[in-house]
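Opened the notebook for a fresh look at this one. I'll jot things down in the order I look them up.

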Amino acid sequence: MTGQRPTTFYIRTYGCQMNKYDSEIVAGILEEQGLREVSTPEAADVVLINTCSVREHAEQRVLGYLEQLRPLKAARAGQRLAVIGCMAERLGSRLLEAKPFVDLAVGPDRYRELPRLLGLGDGNAELSGEAETYEGIWPSHRKGVSAWVAVMRGCDNFCSYCIVPYVRGRERSRPAESVLEEVRRLAAEGFVEVNLLGQNVNSYHDGRHDFADLLLLVADVEGIRRVRFATSHPKDLSEKLIEAIASHPNICPHIHLPVQSGSDRILERMNRRYTRSQYLRLVERIRARIPEVALTTDIIVGFPGETREDFEQTRSLVEEVQFDGAFVFRYSVRQGTAAAQLEDDVPELEKIARLEELNRLQKKISLRRNRAYVGRKVEVLVEGPNRKRPGQFVGRTDTNKIVVFSPSVPIEAGSFVRLRIVEATAHTLFGELEAEQGPPRVACLTEQNPDAQPWER
Ligand code: 5AD
Ligand code: SF4
């Protein structure tokens, strides 16, 4: 297609949910230019890799994939290869020098420029830049029952280890009306669940509405049966938000509340701006008001200067809180962040040992918490058939627990069913059908992977 206008694109996404959402924005922008998405890079005129910089490992995976693409590109004359997202922002021209077969590097606030950069026309680039909220762009949502909607972009917290404020820029909120417009369109398309997304949703403010106000507005949209949100910074989680969750059955009682460390000394060095005891008191307040709440967290082990004693503090916090799930990461130096000035002094093997220790502990706790569901009746939103086991279906509770069950007739994705939980592992609940809400409906088209967690990155 040398010299010709591209007609097809392929996009591959690494990293967090925000990146997945951004890929839908990019797909929306390209589809508006008449391009069609294809499912393999071999078949595409434009290949886009949406990248993540949060840890070294994420960047290594992208670099490895780029090398795989190199021969494909050589075999397809005129194919353009674009690296987009956080790595493009962080490395910019350095990436183009290191990988000369890459044509474009485009950061998260410049996607409106893609049509022009790809020679498709002018696009609508005048709004592009650090205030970008992608107003007026309709993301090309993947089919399913649950959709993600970005309500804010960027982050101003500058946790000392984190690259996000440098690659995604300053915090900015989308006007509530624009979020509502997107949610209404999703409801009209048949989505029954929305997941409001931001690096730190609790500091959302559009000048008139804070995050609790926004949640209530979204919860009232006709057709939306469940509202979720992520991620919550503990320092900004308000009583008003707790009250909103407690008083609205369709706001899901699940809070992803990254603690990062249980040691005050390390929390201070991380610039998290709360103490261990403040975090524990917050958990107490949440549980007092929302007893059924599920809490999940992120933890970094091996931060510079983390002693065995500091780690024991994290371990004991995990014991004390009894999270439903925890994502544990080894500290990874990010050049340009404040923590990069500190010596990365915890040996790699020790980081791995601490990570495995926490994972073992959390697995026991997850199992204990899931077993408490056995015998209970829960409402489950059906996501589709289990890809791995024909006849089985997969859904989620409002607390975001994955439930597997085997109905006698297929059930359509998007239905709600009542299940009695009969068995539990650390990752999955197993249920039996109590009664279906409404007549059973056939034909199930979406295939789901029961192992994928929505907050997984
Ligand atoms: N090293 C390791 N983990 C990190 N995270 C963010 N930056 C780093 C880093 N430099 C983790 C945090 C955050 C999650 C998204 O990634 O736990 O909550
Ligand atoms: Fe990174 Fe902290 Fe912002 Fe989360 S809150 S994106 S960890 S700087």
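**Entry 1: ligand 1.** I started with the surroundings of ligand 1 and counted 12 residues around it, the closest being Arg 55, Tyr 161, Gln 260, Asp 298 and Ser 332. Note to self: this is a predicted model, so every distance I write here is computed from it.

I then went through the polar atoms. Arg 55 puts a polar side-chain atom 2.9 Å from an oxygen atom of ligand 1. Asp 298 also uses its side chain, with an N or O atom 2.7 Å from an oxygen atom of the ligand. Tyr 161 does it through the backbone: one of its N or O atoms there sits 3.0 Å from a nitrogen atom of ligand 1. How much of ligand 1 does the protein bury? On its own the ligand exposes 410 Å², and 92% of that is buried by the protein.

**Entry 2: ligand 2.** Next I listed the shell of ligand 2. It includes Cys 155, Cys 159 and Cys 162, along with Asn 157, Phe 158, Val 164 and Pro 165. Gln 199, His 233 and Arg 272 are in the list as well. Tyr 161 turns up here too, having already appeared among the closest residues to ligand 1. Sorted by class, I get 7 nonpolar, 3 polar and 1 charged residues around ligand 2.

**Entry 3: domains.** I looked up the division of the protein: domain 1 covers 8–127, domain 2 covers 141–252 and domain 3 covers 377–447. I picked the pair of domain 2 and domain 3, whose centres, taken over C-alpha atoms, are 26 Å apart.

**Entry 4: where domain 2 meets domain 3.** 9 residues of domain 2 touch 14 of domain 3. Together the two bury about 850 Å², with 58% of it on carbon and sulfur atoms. Which three residues give the most on the domain 2 side? Val 145, Arg 225 and Arg 226 do, supplying 58% of the area domain 2 buries against domain 3.

I checked the charges last. There is 1 salt bridge between these domains. Arg 225 shows up again in a salt bridge with Glu 379, side chain to side chain, at 4.0 Å from N to O. I also found 5 residue pairs in polar contact across the interface. On the side of domain 2 that touches domain 3, the residues split into 3 nonpolar, 1 polar and 5 charged.

Key:
Residues numbered from 1 in each chain as written. Chains lettered and ligands numbered in written order. Predicted model: local features only at pLDDT ≥ 70, side-chain atom pairs only at ≥ 80, totals over all residues. Heavy atoms only, no water. Domains from an automatic or database assignment. Contact = heavy atoms within 4.5 Å. Buried area = accessible area lost by both parts, 1.4 Å probe. Polar contact = N/O pair within 3.5 Å; in protein donor to acceptor, adjacent residues only side chain to side chain. Nonpolar A, V, L, I, M, F, W, Y, C, P; charged D, E, K, R; others polar. Near = heavy atom within 4 Å. Areas by Shrake-Rupley, 256 points an atom, 1.4 Å probe, with all protein chains shown as cover.
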